[in-house]
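Me: I would like to understand how the terms used for a protein model are justified by their definitions. Could you take me through it slowly?

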Amino acid sequence: MGLVPWYDGRDGMYGWIWRHLPGNTWVKAVISLVLVVAVVYVLFQYVFPWAEPLLPFNDVTVDNQ
Amino acid sequence: MAVSFFGELLITAGLVLGLFVVYSLWWTNVVADRAAGKQADEVREDWAHGRGGPGVLDTHNGIGFLHVPSMRNGEVLVEKGTSSEILNDGVAGYYTDPVKATLPMSGKNGNFSLAAHRDGHGAKFHNIDKIGKGDPIVFETKDKWYVYKVYGTLPETSKFNVKVLSEVPEESGRKKPGHYITLTTCTPVYTSTYRYVVWGELERVEKVDADRTPPKELR
């Protein structure tokens, strides 16, 4: 047993996910696409809006703090 | 094995960072322009129906529009406040803190100080470096056009330099009370290390006619 489930796999995390998706290659491809879209959605909708104010790229005002 | 696991993490991190750039420079503009368009329509609608009549401040949805031909970005809605919640809607905000802006509608001497994003969230002041001395800045309200003329720029100053917002912004070279306008945003592009400042002075005020014919600077 390794640290993570895919530690024993031959081809890493993404390979492990691919092998555990159901169906034939086409079904796997479609599910993968849906997963990618879901991850991008979560990033754009929740993660990035949360992270942005913590990063010093977008302060436009002058202030005395 | 540990190497391939680590390599995948690095690839994933790279993809996420790449997506963050896409988010910052493209998606926030899409969201902000949509919000600004909606709020601008509401203001225009209110004006057309005589709500928020002459002199009355409708600060909820914005007080007017900024037109800066040298920035080539059409009209920018102006709202109260410079917090990120306000500015992220793709509008310019007038300062309430640390130095309160003097609104042109008040008719009083003072400084109409504004801020907007340089990149992302509508990037309304992206082209601030294209503004030169003598260029017009026009502020449109329900019943007046306030025509300002740019007389000074400060391409780089500290973000703590609140004196640029003063009623008489002495750093711009003016020493006497007057009707000033100040635009601030961050610089260099894509970062927030310094602030870029543009100063203008009121040249004249025109009444808005029935067709809302813009002043000659915007034609």
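Reply: The questions and answers below set values against definitions. This is a predicted model, in which local features need pLDDT of at least 70 and side-chain atom pairs count only at pLDDT 80 or more, while totals for chains, interfaces and linings use all residues. Residues are numbered from 1 along each chain as its sequence is written, and chains are lettered from A in the order in which they are written.

Me: What makes β5(B) and β6(B) a pair of strands?

Reply: Strands pair if DSSP finds at least two bridges between them; β5 (residues 136-140) and β6 (residues 144-157) of chain B have five bridges, in the antiparallel sense, and therefore count as paired. A hairpin of three residues joins β5(B) to β6(B), and Glu140(B) stands opposite Trp145(B) in β6(B).

Me: Why is β6(B) also said to pair with β8(B)?

Reply: β6(B) and β8 (residues 194-207) of chain B share eleven antiparallel bridges, so the requirement is met. Here Lys144(B) stands opposite Lys207(B) in β8(B).

Me: Which residues of chain A does UniProt list as a transmembrane region, and what is the secondary structure there?

Reply: The unreviewed UniProt entry lists residues 26-48 of chain A, although such annotations may be inferred rather than shown by experiment. Over residues 26-48 of chain A the chain is 100% helix and 0% strand, with the end C-alpha atoms 31 Å apart; helices (H or I, at least four residues) and strands (E, at least two) are DSSP runs.

Me: How many residues does each chain bring to the contact?

Reply: Chain B brings 32 residues and chain A brings 18, where contact requires C-beta atoms, placed from the backbone, within 7 Å.

Key
Two residues are in contact if their C-beta atoms, placed from the backbone, lie within 7 Å.
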